[in-house]
Amino acid sequence: MKMAVTEPSPVTGRAATAPNAMREIIILGATSGIAMEVQRQLARQQCKLLLVARSPERLADLQTDLMAQGAQQVFIYSADLACVQQHTAIFEFTRTVLPDFDTVLLAYGSMHDQRESEASVDVLLEELQINFVSAAAILTLFAADLERRRTGCLAAITSVAGDRGRRSNYVYGSAKGALSLFLQGLRSRLHPAGVRVITIKPGPVRTAMTDHLPNSARFADPKEVARSIVRALERRSPDVLYTPRHWRYIMAAVRQIPETIFKRLSS
């Protein structure tokens with residue numbers, strides 16, 4: 001496990017911010033396509049960032065880029081987020097460098113080919129471990145800290161794939177659906193403490209994870225998706241963000257299709 005820290009750089013001309021403003025943000029899965037676009041927008045707002053991902057080389061490159069774009073501070077920590085045994089060390093590092101963090105964005109995941117998950121229990125379990133088990137575990141650590149301080153926001157990227165089980169990606173979708181349900185319960189638990197929990201459900205987005213899929217060139221622009229996520233983090237709302245927005249209406253219609261018809265659909 002490797003870690004690095006930048007020293008604060010002077011920033012002039014910053015406007016005063018409200019006590020609950022989004023200023024110190026942790027990104028879990030900082031090298032994902034959506035996360036990188038979110039981070040660039042946050043850097044231009046002169047936020048302090050802690051980036052967590054596996055590759056120390058990519059993290060170092062991101063650190064340099066985000067500092068150049070205006071981030072007040074950028075801390076980096078190299079770890080495998082899918083490994084629950086590493087979560088305590090991640091959390092302790094956070095408490096050292098950003099003890100007053102106010103926002104956590106979980107942005108990592110994996111998407112194996114559905115047929116691989118059908119053919120191998122090991123692949124299936126890995127998909128569930130990355131997309132649900134490890135995500136729920138690390139969010140639980142950060143939730144307890146924010147609940148104790150009675151402030152802040154937790155947000156996690158799930159997927160519209162979790163709204164309905166489809167034959168083409170039901171393993172990935174079930175993991176994302178489980179995460180969405182977990183977030184719903186966590187939102188209820190943290191509401192009395194004033195901690196917001198945002199479930200982010202993107203439709204298909206053009207990233208490295210989806211490049212292999214058919215028609216990926218038609219998927220949403222990650223910059224557009226990132227803008228909607230940053231707005232949600234700033235406003236601490238809505239509880240559930242579909243992005244791009246039209247997916248809210250598409251999935252509302254999909255959920256209404258009777259099971260007797262839905263199971264016959266090719267997708």
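Start by selecting Glu24, which sits in strand S2 of this predicted model. Is Glu24 buried or exposed? Its relative accessible area is 15%, under the 20% cut-off, so Glu24 counts as buried. Now show what surrounds Glu24: leaving out residues up to four places away in sequence, Glu24 touches Lys48, Leu98, Asp100, Phe101, Asp102 and Thr103.

Keep Phe101 on screen, and add Thr94. Phe101 is one of the residues that Thr94 touches; the others, again not counting residues up to four places away in sequence, are Ile26, Leu50, Pro99 and Phe142. Thr94 belongs to helix H3, which runs over residues 87-97. With a relative accessible area of 0%, Thr94 is buried. Try a distance tool on Thr94 and Phe142: they are 48 residues apart in sequence, and their C-alpha atoms are 9.6 Å apart in space.

Next, colour the whole of H3 and pick out His87, Ile90, Phe91, Phe93, Thr94 and Val97, the buried residues of this helix. Where do they lie around the axis? They cover an arc of only 160 degrees, so they fall on the same side of H3. Looking down the helix axis is a good way to view this.

Now for the cores. Select Ile27, Val38, Leu42, Leu51, Leu105, Ile200 and Ile229: these have the most contacts inside the largest nonpolar core, which has 36 residues. Which elements give two or more residues to this core? Colour strands S2 (24-28), S3 (48-53), S4 (73-78), S6 (153-157) and S7 (196-202), then helices H1 (33-44), H2 (56-68) and H7 (222-235). Zoom in on Leu51 for a closer look. Setting aside neighbours within four places in sequence, Leu51 is in contact with Ile27, Ala30, Gln39, Leu59, Leu62, Leu66, Val74, Phe75, Ile76 and Tyr77. A second core, separate from that one, has 34 residues, including Ile26, Tyr108, Ile130 and Val197. You have met Ile26 already, as one of the residues touching Thr94.

Then move on to a pocket. Select Ser228, Arg231, Leu241, Tyr242 and Arg245, the residues nearest the centre of the second largest pocket, whose lining has 16 residues. The space inside this pocket is about 310 Å³. H7, strand S8 (240-243) and helix H8 (246-255) each give two or more residues to the lining, and H7 gives the most, with six. If you colour the lining by residue type, you will find seven nonpolar, three polar and six charged residues.

Stay in this part of the sequence and follow the backbone. In the loop between H7 and S8 you will find Pro238, and the peptide bond leading to Pro238 from Ser237 is cis, with omega near 5 degrees. Arg236 is in the loop between H7 and S8 too. Arg236 is not a glycine, yet has a positive phi of about 60 degrees. Further along, Pro244 lies in the loop between S8 and H8. A cis bond joins Pro244 to Thr243, and omega there is about -10 degrees.

For the last stop, select Arg150, in the loop between helix H5 (121-149) and S6. Arg150 is another non-glycine residue with a positive phi, here about 55 degrees. How do Arg150 and Arg236 sit, buried or exposed? Arg150 is exposed, with a relative accessible area of 53%, whereas Arg236 is buried, at 12%.

Technical notes: Residues numbered from 1 in each chain as written. Predicted model: local features only at pLDDT ≥ 70, side-chain atom pairs only at ≥ 80, totals over all residues. Heavy atoms only, no water. Helix = DSSP H or I, 4+ residues; strand = E, 2+ residues; numbered from the N terminus. Buried < 20%, exposed > 50% of the residue type's maximum accessible area, 1.4 Å probe, protein only. Contact = heavy atoms within 4.5 Å. Arc of directions from axis to C-beta. Core = buried A, V, L, I, M, F, W, Y, C linked by side-chain atoms within 4.5 Å. 1 Å grid on protein atoms, 1.4 Å probe; cavity = no way out; pocket = protein on both sides within 12 Å on 5 of 7 lines; lining within 4 Å. Points joined across faces, edges and corners; volume = space filled by probe spheres on them. Nonpolar A, V, L, I, M, F, W, Y, C, P; charged D, E, K, R; others polar.
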